[in-house]
Amino acid sequence: MKAIRRFTVRPVLPEALHPLSDLARNLRWSWHAETRDLFQSVDPERWAASDGDPVRLLGSVPPARLAQLTQDEGFLNRLATVADDLREYVTGDRWYQQQVAELPSAIAYFSPEFGITAALPQYSGGLGILAGDHLKAASDLGVPLIGVGLLYRHGYFRQSLSRDGWQQEHYPVLDPNELPLVPLRESDGTLAQVSLALPGGRALRARIWVAQVGRVPLLMLDSDVEENDFGERGVTDRLYGGGSEHRLLQEMLLGIGGVRAVRTYCRLTGHAPPEVFHTNEGHAGFLGLERIAELADGGLDFEAALEAVRAGTVFTTHTPVPAGIDRFDRELVAHHFGPDAELPRIDVERVLGLGMETYPGGEPNLFNMAVMGLRLGQRANGVSLLHGQVSREMFAGLWPGFDPEEVPITSVTNGVHAPTWVAPEVFRLGTRQIGGRRTEDALTVGGSDRWDAVAEIGDQEIWDLRRVLREQLVVEVRERLYASWRQRGAGTAELGWIDGVLDPDVLTIGFARRVPSYKRLTLMLRDRDRLMDLLLHAERPVQIVVAGKAHPADDGGKRLVQQLVRFADDPRVRHRIVFLPDYGMAMAQKLYPGCDIWLNNPLRPLEACGTSGMKAALNGCLNLSVLDGWWDEWFQPDFGWAIPTADGTATDDDRRDDLEAAALYDLLEQRVTPRFYERGRDGLPDRWIEMVRRTLTHLGPKVLAGRMVREYVERLYTPAARAHRALTPDTARELADWKSRVRSAWPQVTVDHVEASAATTTAELGTTLSLRVRVGLGDLAPDDVEVQAVAGRVDTDDRIADAVCVPLKPAGGPDLDGRWVYEGPLSLDRTGPFGYTVRILPAHRLLASSAELGLVTVPSEETGEGAGLLMR
């Protein structure tokens, strides 16, 4: 019989055990080994059955066992120690509190998904895991962050396989009362809510749940409340589900509702209000509109409010392809804003103007969430050096007249939260070497360029550790493979072969990620005979563990999964290659440490960063990857191998995949496997061990989320907070008026004449030219602009590369025609083809970048003739 209603019966803990409840409700347990060990000791069998979830564990422990623990002095002492440690962790000074700079009082961090722990399944892939690691690292550093997301009642999805290897999706219902969450309540005890206005007088209401991530509160909005109609209750049903309007409502709730939730949380708890708002990808972009509306209610006009909001907003883009960005039909967006819907005080055309693709190459009828993010954020970044470059090129249309390298999008390379992803055995090795506190600091705060203490760890210790981790992975794989085959309908009698799957002494390759086509799950299958030879080699075999989920609507991705599964089902190789369904955090935490090689073969440059290889590297696993994302930035032959890229314009897709697959096989056959199996005089693979040592020594400090969050604080959050403080209402009006005046006057800004002190087209290194430029400023004054000489090497098309900008100064007042003369020196500081030009840019003390307005004036061809190329 089926229940007509369900509810959660909570255990009543004896008073002596009350701290267990606090420990279970703070997700620090997910990366704090001592807390997990404490919960395991409550009831080891039930701990295993609960998949390491303390909330589930406490709900299942019998009262007799709880009573027994109240008499166990050893347990109570451990409980007191762990509880005191958590109290000190969440209240004591950490890195952030020790800085002398005037840092933001608080930062609100918005993301559509957060991967904190498998016990809170609110993530689909890298974006969510990155957001979770960002929160954890901020907590470790003491950064006063408030996370904001949605609570999906079905999460993403659980994956299984049919008998013929086709992906099956399952959407288990999540009860928030059974998750490590608490509802936010008003002072009178009622549940706190936010509400959005919908067309036709309807409303979308959402409850606010709080997940405590160490020191960081994560606010999660849940629309499944009784006050909503059926359709509105389903807005937060599942991650990345539904059609366009469903997605639009999710993103309005995340952005607009999220700001309202932050205001409610700060009002109820006394938390400092955020000075900086950080939107992790474009899904939360509407947060800027809500903040504009707040300021408009305080008396600012739209343009001044926009400037004030931009000053304190940071936007991070994660996609290197336009197809990866959420875009909505203009009319759909217009329908949900204005007098009869949300933000009625803001003119709908103003709303649309922030997101429409009104630039060359854009689709003018589409509302682009990333474009809105860039227009509403004064500071923006990609997530690796290469991705920053790709993003500047992709969004260059928003800054016409500027070369891509000058587009104001910087980069902060992603990192991973080491305490979450480093195997306990690796942590214990570090503890033996330098002590527990220093190891914890090294993995969280970071700050050093190298982990030199790794050099003192003996070869035998490293090799023994690697084998232990590989052996643990073999056990994990066999258990998961058995469960998968049982789900596929196999009987126990036909699964005896699973006991021989994988070998703890064989070179193990891992490949696990989402399965969009650009990640090329099946590149390894391009030459199946050659792959079989690698798997079954008599002296140097390899074994491969593969995992990954295709999006439920992506049949192409599902076909790739099926191709891989069918190959792995072949009795000839199924002991050497496995596909594990339902890839998630719990599986990943076993997979990364247990592999010797982490394989990544995306289409370059479509991997924005890719952090799985970072997690593997922290456990001494070597990377074998296309030079994309973070690997393009930090690869060295000491750390692993780079798969050559066949990216010539004359190479079609099939030919490219064939060439890159062949290069992958060559690397495995000729360089990777020989090094793993080659033994030195002491019987150990000393050259392989040295690569592991160098990976830990040099890559370890780089790939930390602590390093990443410190960069965000220093390079983006702190400048944004300063800008936010500078934009008082009067200053915001001044800046908005100035921008309006400059935009209307800019068509009259001209470069009329350029002359230099050199009469020839050659000069000697070290020569200094005197430049003299005559410009027209129209209704603008010299204080409104900067006149620059731009110089550098030139190519055969006279394009300037590695440009240096030299400001020129006015020489006196305007002439009788109202023209100004600017002068300045230009040093010829490099040999070879050299060229220069001049340009005029808007200039104001409150601009974050001279490209911010997208306005620039350069000489016409006629004007520039006398200022030609030097040192040709």
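**Exercise 1. Determine the volume of the second largest cavity and describe its lining.**

*Solution.* The second largest cavity of this predicted model has a volume of about 70 Å³. A cavity is a set of points, on a 1 Å grid over the protein atoms alone, where a 1.4 Å probe fits but cannot get out, and lining residues have an atom within 4 Å of a point. Grid points are joined across faces, edges and corners, and the volume is the space filled by probe spheres set on the points.

Step 1: list the lining. The residues are Pro112, Leu150, Tyr152, Leu239, Tyr240, Arg247, Gln250, Glu251, Leu254 and His283.

Step 2: sort them by class. Six are nonpolar, two polar and two charged; here Ala, Val, Leu, Ile, Met, Phe, Trp, Tyr, Cys and Pro count as nonpolar, Asp, Glu, Lys and Arg as charged, and the others, Gly among them, as polar.

Step 3: find the main contributor. Helix 9 (residues 244-269) gives the most to this lining, with four residues. Helices (H or I, at least four residues) and strands (E, at least two) are DSSP runs, numbered from the N terminus.

Residues are numbered from 1 along each chain as its sequence is written. As the model is predicted, local features need pLDDT of at least 70 and side-chain atom pairs count only at pLDDT 80 or more, while totals for chains, interfaces and linings use all residues; side-chain values use heavy atoms, with hydrogens and water left out.

**Exercise 2. Describe the largest cavity in the same way.**

*Solution.* Step 1: the search of the whole structure finds six cavities of 30 Å³ or more, and the largest has a volume of about 90 Å³.

Step 2: its lining has 13 residues, and Leu481, Trp485, Ala568, Asp569 and Phe579 lie nearest the centre. The lining divides into nine nonpolar, one polar and three charged residues.

Step 3: helix 19 (459-487), helix 21 (555-568) and strand 17 (577-580) each supply at least two of the lining residues.

**Exercise 3. State where Met372 lies and which residues it touches.**

*Solution.* Step 1: Met372 belongs to helix 14 (residues 369-376).

Step 2: Met372 counts as buried because its relative accessibility is 0%; buried means under 20% relative accessible area, exposed over 50%, and partly exposed in between (1.4 Å probe, protein chains only).

Step 3: leaving out residues up to four places away in sequence, Met372 touches Gly285, Phe286, Leu289, Leu354, Gly355 and Phe367. Contact means heavy atoms within 4.5 Å.

**Exercise 4. Compare the settings of Asp582 and Asp802, whose phi values are positive.**

*Solution.* Step 1: phi of Asp582 is near 65°, and that of Asp802 is about 50°; neither residue is a glycine.

Step 2: Asp582 lies in the loop between strand 17 and helix 22 (585-594), whereas Asp802 is found in strand 24 (residues 800-810).

Step 3: Asp582 counts as buried at 16% relative accessibility, whereas Asp802 counts as exposed at 57%.

**Exercise 5. Identify the cis peptide bond that ends at Pro605 and place this proline.**

*Solution.* Step 1: the bond from Arg604 to Pro605 is cis, with omega near 5°.

Step 2: Pro605 is in the loop between strand 18 (597-600) and helix 23 (612-617).

Terms used:
1 Å grid on protein atoms, 1.4 Å probe; cavity = no way out; pocket = protein on both sides within 12 Å on 5 of 7 lines; lining within 4 Å.
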